[in-house]
Amino acid sequence: MLTRVADERYPARVATIAAQITAANDQPTVHTLFLEGVTALGATSAVFVSFVRDDGDLAACRFMLACDPAWARLYVQEGHFVHDPWLAYAAHHSEPIVASALNVLDNDHRRVIDLAARAGFVSAVLVPAHSGAGHSRISLLCLGSATPGYFEDAGLPRLRVSARMLALELHDWWLSRIRRDLIAKARITPADLVLLQHECQGHSSKKIANELQVSKSSINSRFQRMNAKLGVGNRRMAVQLAVECGLILK
């Protein structure tokens, strides 16, 4: 039960950890803080995954583990990402929930849950993290225990507050990291972001050209160069990537 959390001051401890995540400069530091947060919350296993809503491309996922890495390898090898009921919940809900409260009937979904149970998630809390409307990237912090009923007691409401704080800070850090990496790798400029925002608003090349007082052909050429830098085939895909990474608001 949650009474097994050794230190009842864990809300203050998690708040301190969350503040350190915000200031962290590298992934190893964030991972260490993630482990400390998981321990403070009384979980014996955990996984944090950041993914793109309604996108079956596992390459777009970012994982942080505090559990047996063999679970992660099997999860990827068997393609459980597309059949994961916990991710499906996170994609469409923001409220933390005990995993056992989900009504799971599909056999593929059951196999994903059984695999998680073998990795130490017999009892689990699902904590979604979203950036708000317009962002397609969302995250899920899953806290686990090998003890049946561990998270199903009356202390869950108090735990949810701290767990949500940890999940949101991890999500924001990952989104910021992805955004910085994309800007650096693709050499995205402020002028590129202006074009992407116009495209996101449905503006034609002619309208954008009028707004920026340049020629329509210049706008088309700039989009072509930007698409090449981003590694996408068209403007729509460029906007989708920019929204996913939080470069522009939809």
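This briefing covers the nonpolar cores of the structure and the strand β1. The model is predicted, so local features are reported only at pLDDT of at least 70 and side-chain atom pairs only at pLDDT 80 or more, whereas totals for chains, interfaces and linings use all residues. Residues are numbered from 1 along each chain as its sequence is written, and side-chain values use heavy atoms, with hydrogens and water left out.

**Nonpolar cores**

- The largest nonpolar core (a set of buried Ala, Val, Leu, Ile, Met, Phe, Trp, Tyr and Cys residues joined through side-chain atoms within 4.5 Å) holds 32 residues, and those with the most contacts inside it are I21, F34, L41, L141, L143, L166 and L170.
- Among the elements that give two or more residues to this core are α1 (10–23), α2 (27–40), β1 (45–52) and α6 (156–186), where helices (H or I, at least four residues) and strands (E, at least two) are DSSP runs numbered from the N terminus.
- The largest share of this core, eight residues, comes from α6.
- Apart from this core lies another, of 29 residues, which includes V49, I97, A99 and F121.

**Burial of β1**

- Eight of the eight residues of β1 are buried, buried meaning under 20% relative accessible area, exposed over 50% and partly exposed in between, with a 1.4 Å probe and protein chains only.
- In a regular strand the side chains alternate between the two faces of the sheet.
- In β1 both faces are covered, with S45, V47, V49 and F51 buried on one side and A46, F48, S50 and V52 buried on the other.

**Pairing of β1**

- β1 runs antiparallel to β5, to which eight bridges join it, and two strands count as paired if DSSP finds at least two bridges between them.
- S45 stands opposite G144 in β5.
- β1 also pairs with β2 in the antiparallel sense, over five bridges, and here V47 stands opposite L65.
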